[in-house]
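Biologist: Before I interpret a ligand site, I would like to learn how to read its features one by one. Could you take me through them, giving the general idea and then the case at hand?

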Amino acid sequence: MKSLDEARALDAADPLRTYRDAFDLPAGEIYLDGNSLGALPRATVARLAGTVRGEWGRDLIRSWNKAGWIDAPARVGGKIAQLIGAQAHEVLVADSTSVNLFKLLAAAVKAQPGRRVILSEPGNFPTDLYVAQGVAETLGAELRLAPREAIVEALDEDVAVLLLTHVHYQSAAMFDMAAITRAAQAKGALVLWDLSHSAGAVAVDLNAANADLAVGCGYKYLNGGPGAPAFLFVAERHQAALRSPLSGWMGHAAPFDFGDDYAPGEGISRFLCGTPPILGLAALEEGVDLLLGADLPALYAKGQALCSAFIDVVEDRCAGLGLTLATPREGATRGSHVSFRHEQGWPIMQALIARGVIGDFRAPDILRFGFTPLYVGFEDVWNAAEILRDILTTGAWDDPAFHARAAVT
Ligand SMILES: Cc1ncc(COP(=O)(O)O)c(C=O)c1O
């Protein structure tokens with residue numbers, strides 16, 4: 001992409017361009033952080049008002065049956081299944097990604113007697129590693145880390161489960177899900193994929209890859225809102241054998257029998273724990289419905305094109321200004337965000353945010369920009385790169401106000 005005119009021409013030809021109006025985005029800002037917190041769909045505002053006033057306020061407790069609240073985890077899970085190549089009854093919305101990681105990792109280790117190792121890579125998203133450490137401690141297992149280039153060689157007969165994030169949260173590098181799954185299964189290991197940066201961003205086909213287990217966030221590309229409930233996937237063939245370590249009443253075979261003894265529910269339902277968060281589920285359903293209405297192949301192609309355009313324009317316009325690309329160049333091997341390293345990454349990002357370009361910073365030196373195809377356009381790409389160039393050439397980032405660290409980066 002060589003000019004603003006070219007960017008505008010690409011936007012004019014974009015079949016998804018009308019989707020931007022479906023979001024309540026602040027005017028005058030370029031929002032490049034949908035990989036961290038998706039934007040607010042306009043329909044969500046009305047949906048939540050209806051759920052709060054009508055279902056909660058007026059119908060009260062009757063809404064568990066009348067409004068289908070009790071079915072919401074499976075219903076919304078069934079919709080997310082369409083985005084990740086799963087069958088409807090293999091996906092459930094529940095808890096947070098961290099809690100779902102705990103449930104599935106522990107279930108996987110328990111289901112693999114004689115195998116005590118959880119294998120992952122250093123630099124995986126912190127919660128994945130921390131939860132794996134917790135599961136290892138709880139079950140007397142071991143967390144082994146191997147660099148991604150050597151992950152297949154690190155698989156041996158001790159590995160119960162391989163835990164990987166499909167699209168890396170910093171670099172956006174994407175694993176070949178089918179190839180890694182095949183290699184792990186050949187060694188007798190299960191694979192748990194974290195799809196937090198994949199679902200709604202790149203084409204995912206869990207069943208085609210013969211995947212075992214997966215988890216993912218609701219608040220990123222699914223636009224489910226801050227702290228949205230997460231999802232989990234358990235392949236049909238594993239559902240009868242795996243048991244959730246969090247054996248709460250909602251995962252019981254007959255929760256409303258109120259018996260004293262736990263008996264796991266049928267199929268995926270056993271991975272519920274407690275009462276589902278209905279307001280969060282309602283918001284998430286709106287976000288997912290919006291995505292399901294879009295032309296998904298066009299959406300994924302646009303995500304790749306936006307990222308490629310940003311890389312090209314930044315490398316061209318900001319050459320020699322201290323930025324190093326930290327994301328694969330090849331579109332098919334990355335997710336829908338782009339990272340650049342700069343030793344002054346934090347103040348530069350604060351200066352960008354002050355100028356209305358909203359990305360984020362990941363320690364120690366990553367400037368991260370998410371390209372969410374439903375509401376980001378090529379003109380945004382051009383303008384964001386121009387503002388970045390201006391901040392770097394003028395040194396505007398070197399203001400004391402931009403150096404102070406906030407709690408959330
Ligand atoms: C790969 C990955 N896993 C998990 C999470 C977050 O999990 P939770 O929603 O439990 O905080 C994130 C959040 O950014 C993530 O990037």
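**Reading the ligand site**

Modeller: Let us begin with a polar side-chain atom of Tyr219, which lies 2.7 Å from an oxygen atom of the ligand, bearing in mind that the model is predicted. A pair of N or O atoms is read as a polar contact when the two are within 3.5 Å.

Biologist: How far from an oxygen atom of the ligand is a polar side-chain atom of His197, and how far is an N or O atom in the side chain of Lys220?

Modeller: For His197 the distance is 2.9 Å, and for Lys220 it is 2.6 Å. As for burial, the ligand on its own has 400 Å² of accessible area, of which the protein covers 84%.

Biologist: How many residues surround the ligand, and which are the closest?

Modeller: The shell holds 13 residues, the closest being Ser98, Asp194, His197, Tyr219 and Lys220. Sorted by class, seven residues of this shell are polar, three are nonpolar and three are charged. Two helices, α5 (97–110) and α6 (126–139), each contribute at least two residues to it.

Biologist: Which pocket corresponds to the space taken by the ligand, and where does UniProt place the feature "binding site"?

Modeller: The ligand takes up the space of the largest pocket. The UniProt record, an unreviewed entry, places "binding site" at Thr97, Ser98, Phe125, Pro126, Thr127, Asp128, Thr165, Asp194, His197, Tyr219, Trp249 and Thr275. These positions span 179 residues in sequence and their farthest two C-alpha atoms are 30.5 Å apart, so they do not all gather at one spot. From this set, the lining of the largest pocket takes in Thr97, Ser98, Phe125, Pro126, Thr127, Asp128, Thr165, Asp194, His197 and Tyr219. Phe125 itself is placed in the loop between β3 (117–120) and α6.

Biologist: What should I look for in the backbone, and what are phi at Asp95 and omega from Ala363 to Pro364?

Modeller: The general expectation is that most residues other than glycine have a negative phi and that most peptide bonds are trans. Asp95, although not a glycine, has a positive phi of about 50°, and this residue lies in the loop between β2 (91–93) and α5. The peptide bond from Ala363 to Pro364 is cis, with omega near 5°, and Pro364 is found in the loop between β12 (360–362) and β13 (366–370).

Conventions: Residues numbered from 1 in each chain as written. Predicted model: local features only at pLDDT ≥ 70, side-chain atom pairs only at ≥ 80, totals over all residues. Heavy atoms only, no water. Near = heavy atom within 4 Å. Polar contact = N/O pair within 3.5 Å; in protein donor to acceptor, adjacent residues only side chain to side chain. Areas by Shrake-Rupley, 256 points an atom, 1.4 Å probe, with all protein chains shown as cover. 1 Å grid on protein atoms, 1.4 Å probe; cavity = no way out; pocket = protein on both sides within 12 Å on 5 of 7 lines; lining within 4 Å. Sits in = over half its atoms within 2 Å of the grid points. Helix = DSSP H or I, 4+ residues; strand = E, 2+ residues; numbered from the N terminus. Nonpolar A, V, L, I, M, F, W, Y, C, P; charged D, E, K, R; others polar. UniProt positions renumbered as here; feature names shortened; annotations may be inferred.
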